[in-house]
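Below are my notes on this model, set out as numbered points for a colleague who will want to check each statement against the coordinates. They begin with one strand pairing and widen from there.

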Amino acid sequence: MNVHVDLCIVPLGVGVSVSRYISACLDILEKYELPHTLHAYGTNIEGDYDAVFEAIKACHEKIHVMGAPRITTTIKLGTRVDKAQTLHDKVRSVEAKR
């Protein structure tokens, strides 16, 4: 099953800037070959349900290895089985109505 995820990972106990941790997660998403789009407060990811959550787990593991003692993560997800639709398709559908 395909899933769309809006992921926000926040390492705690590492100071104010978290960009190096997020950059490490983006490397992981690329390794998993998951389409993704970074935005100001998170990352949109799409792909096979199990692969996406395996990558999210790998992000947590990497951030802990990098020294973060705690992580808080917010995940919003959606699945759809009636038709194939990418994140780009969803955005394009809204923009076409403007």
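**Notes on the sheet, the helices and the core**

1. Leu38 stands opposite Thr43 in S3, and this is a convenient place to begin reading what is a predicted model. The pairing to which it belongs, between S2 and strand S3 (residues 42–48), is antiparallel and is made of four bridges. Thr43 of S3 also has Leu7 standing opposite, and the pairing concerned there, between S1 and S3, is again antiparallel, with six bridges.

2. Which order do the strands take in the open sheet? The four strands are arranged as S2-S3-S1-S4, with antiparallel pairing. Strand S2 (36–39) and strand S4 (70–79) are at the edges and have a single partner strand each, so that one side of each lacks a neighbour in the sheet. From one strand to the next, the twist averages 20°.

3. The pairing of S1 with S4 is antiparallel and comprises ten bridges, and within it Val10 has Thr72 of S4 as its bridge partner. Thr72 also appears among the contacts of Leu12, a residue that touches Ala68, Pro69, Arg70, Ile71 and Thr72 when residues up to four places away in sequence are not counted.

4. Is Leu12, a residue of strand S1, buried, partly exposed or exposed? Its relative accessible area is 29%, and because buried requires under 20% and exposed over 50%, Leu12 is classed as partly exposed. As for its position relative to Tyr49, which is 37 residues away along the chain, the two C-alpha atoms are separated by 27 Å.

5. H1 packs on the sheet, where it touches S1, S2 and S3, and its direction makes an angle of about 165° with that of S2. The helix has 13 residues and reaches 18 Å from first C-alpha to last, which is close to the 18 Å expected at 1.5 Å a residue. Just after H1, Glu33 takes a positive phi of about 55°, a detail that can be checked directly in the backbone.

6. The buried residues in H1 are Tyr21, Ile22, Ala24, Cys25, Leu26, Ile28 and Leu29, and the elements that cover the buried residues of this helix include S1, S2, S3 and H2. An α-helix has 3.6 residues a turn, so residues three or four places apart point the same way, and this is worth keeping in mind when the buried positions are viewed along the helix.

7. How do the two helices H1 and H2 pack against one another, and at what angle? The angle is about 140° and the axes lie 9 Å apart, while the crossing of H1 past H2 is right-handed. Tyr21, Ala24, Cys25, Ile28 and Leu29 make the contact from the H1 side, and Ala55, Ala58, Cys59, Lys62 and Ile63 make it from the H2 side.

8. Ala24, which lies in helix H1, gives a residue-level view of that packing. It counts as buried, at 10% relative accessibility, and leaving aside neighbours within four places in sequence, Ala24 is in contact with Lys62 and Met66. Between Ala24 and Cys59, 35 residues apart in sequence, the C-alpha to C-alpha distance is 7.5 Å.

9. The largest nonpolar core has 19 residues, of which Val5, Ile9, Ile45, Val52 and Ile63 touch the most other members. Two or more residues of this core are given by each of strand S1 (2–12), helix H1 (19–31) and helix H2 (49–65), with H2 supplying the largest share, six residues. Val52 can serve as an example: residues up to four places away in sequence aside, it touches Val3, Val5, Leu34, Ile45, Glu46 and Gly47. In soluble globular proteins, nonpolar side chains tend to be buried together.

10. Taken as a whole, the protein has three helices and four strands, and from the N terminus its elements run β-α-β-β-α-β-α. Its C-alpha trace spans about 45 × 30 × 20 Å along the principal axes, and buried residues make up 30% of the 98 residues. Among contacts between residues at least 6 apart in sequence, 71% join residues at least 24 apart.

Terms used: Residues numbered from 1 in each chain as written. Predicted model: local features only at pLDDT ≥ 70, side-chain atom pairs only at ≥ 80, totals over all residues. Heavy atoms only, no water. Core = buried A, V, L, I, M, F, W, Y, C linked by side-chain atoms within 4.5 Å. Buried < 20%, exposed > 50% of the residue type's maximum accessible area, 1.4 Å probe, protein only. Contact = heavy atoms within 4.5 Å. Pairing = 2+ DSSP bridges. Axes fitted to C-alpha atoms, helices over the stretch in contact; angles between N-to-C directions. Expected span 1.5 Å × (residues − 1). Left-handed = near helix turned anticlockwise from the far one by under 90°.
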